[in-house]
Amino acid sequence: MSVNSSDAASVSVPDLGSDRVRVGQWLIEPGVKVASGDRLVELLAGSVLVHLTSAISGRLARIERPTGSTVFTNTVLAWIEPESP
């Protein structure tokens with residue numbers, strides 16, 4: 001799926017106080033509309049489970065890091081294309 005990165009918002013790993021974070025289950029499939037605050041993905045930092053939420057309303061355009069991936073702070077996990085006005 002093509003993403004226009006100049007319009008799309010990245011979904012990135014926040015600082016969770018851990019060197020490595022594992023991507024848990026994706027809760028939304030690419031192409032699905034999301035609202036601001038919707039849970040997108042589970043992240044595992046040590047023994048802590050965190051639900052990463054969408055900062056904007058739009059459509060989940062592409063997932064960059066699949067379930068099971070090991071990632072670091074600021075790693076781009078996915079892209080969300082904003083809703084059209």
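How many of the seven residues of S8 are buried? Five of them are, so to speak, tucked away under cover, and the strand counts as mostly covered. Keep in mind while reading that this is a predicted model.

**The overall picture**

Let's start with the whole chain. The protein chain has eight strands and zero helices, and from the N terminus on its elements simply read β-β-β-β-β-β-β-β. With 85 residues, a compact globule would have a radius of gyration near 12 Å, and the chain agrees because its own value is 12 Å. Along its principal axes, the C-alpha trace spans about 40 × 20 × 20 Å.

Of the 85 residues, 33% count as buried. The chain exposes about 5,000 Å², with carbon and sulfur atoms supplying 47% of that area. As for charge, there are 7 positive and 9 negative side chains, and the centres of the two sets lie 5 Å apart. Now for contacts between residues at least 6 apart in sequence: 58% of these join residues at least 24 apart.

**The sheet with S8 in it**

Back to S8. An open sheet of four strands runs in the order S1-S8-S6-S3, with antiparallel pairing. Its edge strands are S1 (9–12) and S3 (33–34), each of which pairs on one side only.

Strand S8 covers residues 76–82 and is joined to S1 by four bridges, the two running antiparallel. Strand S6 (residues 58–63) also pairs with S8 in the antiparallel sense, this time over five bridges. If you'd like a residue to look at, try Trp 79 in S8: it is the bridge partner of Ser 10, and Arg 62 stands opposite it too.

**The other sheet**

A further open sheet of four strands has the order S5-S4-S2-S7, again with antiparallel pairing. Here the edges are S5 (48–53) and S7 (70–71), each pairing on one side only. Strand S4 (residues 39–45) is joined to S5 by six bridges, and the two run antiparallel.

Two residues separate S4 from S5 in a hairpin, and Gly 46 in the turn has a positive phi of about 65 degrees.

Here are some of the facing residues from both sheets:

| Residue | Opposite residue | Strand of the opposite residue |
|---|---|---|
| Val 11 | Ala 78 | S8 |
| Ser 10 | Trp 79 | S8 |
| Arg 62 | Trp 79 | S8 |
| Arg 39 | Thr 53 | S5 |
| Leu 43 | Val 50 | S5 |

**Three residues worth a click**

Val 11 is a good place to begin. Val 11 is found in strand S1 and stands opposite Ala 78 in S8. Is Val 11 buried or exposed? Its relative accessibility is 6%, so Val 11 counts as buried, the cut-off being under 20%. Leaving aside neighbours within four places in sequence, Val 11 is in contact with Leu 40, Leu 52, Thr 75, Val 76, Leu 77, Ala 78 and Ile 80. Two of those names tie back to strands described above: Leu 40 lies within the 39–45 stretch of S4, and Leu 52 within the 48–53 stretch of S5. The C-alpha atoms of Val 11 and Val 34 are separated by 12 Å, with their positions 23 residues apart along the chain.

Next comes Ala 45, which is found in strand S4. At 8% relative accessibility, Ala 45 counts as buried as well. Which residues does Ala 45 contact, once neighbours within four places in sequence are left aside? They are Leu 16, Ser 18, Arg 20 and Val 21. Ala 8 is another matter: 37 residues apart from Ala 45 along the chain, its C-alpha atom is separated from that of Ala 45 by 26 Å.

Finally, have a look at Asn 74, found in the loop between S7 and S8. Asn 74 has a positive phi of about 75 degrees although it is not a glycine. Asn 74 is exposed because its relative accessible area is 60%, and the cut-off for that label is over 50%.

Technical notes. Residues are numbered from 1 along each chain as its sequence is written. This is a predicted model: local features need pLDDT of at least 70, side-chain atom pairs count only at pLDDT 80 or more; totals for chains, interfaces and linings use all residues. Side-chain values use heavy atoms; hydrogens and water are left out. Two strands pair if DSSP finds at least two bridges between them. The radius of gyration is taken over C-alpha atoms; the globule rule is 2.2 Å times the number of residues to the power 0.38. Buried means under 20% relative accessible area, exposed over 50%, partly exposed in between (1.4 Å probe, protein chains only). Contact means heavy atoms within 4.5 Å. Accessible areas come from the Shrake-Rupley method with a 1.4 Å probe; for residues, only the protein chains shown count as cover. Lys and Arg count as positive and Asp and Glu as negative; His and the chain ends are not counted. The place of a charge is taken as NZ of Lys, CZ of Arg, CG of Asp or CD of Glu.
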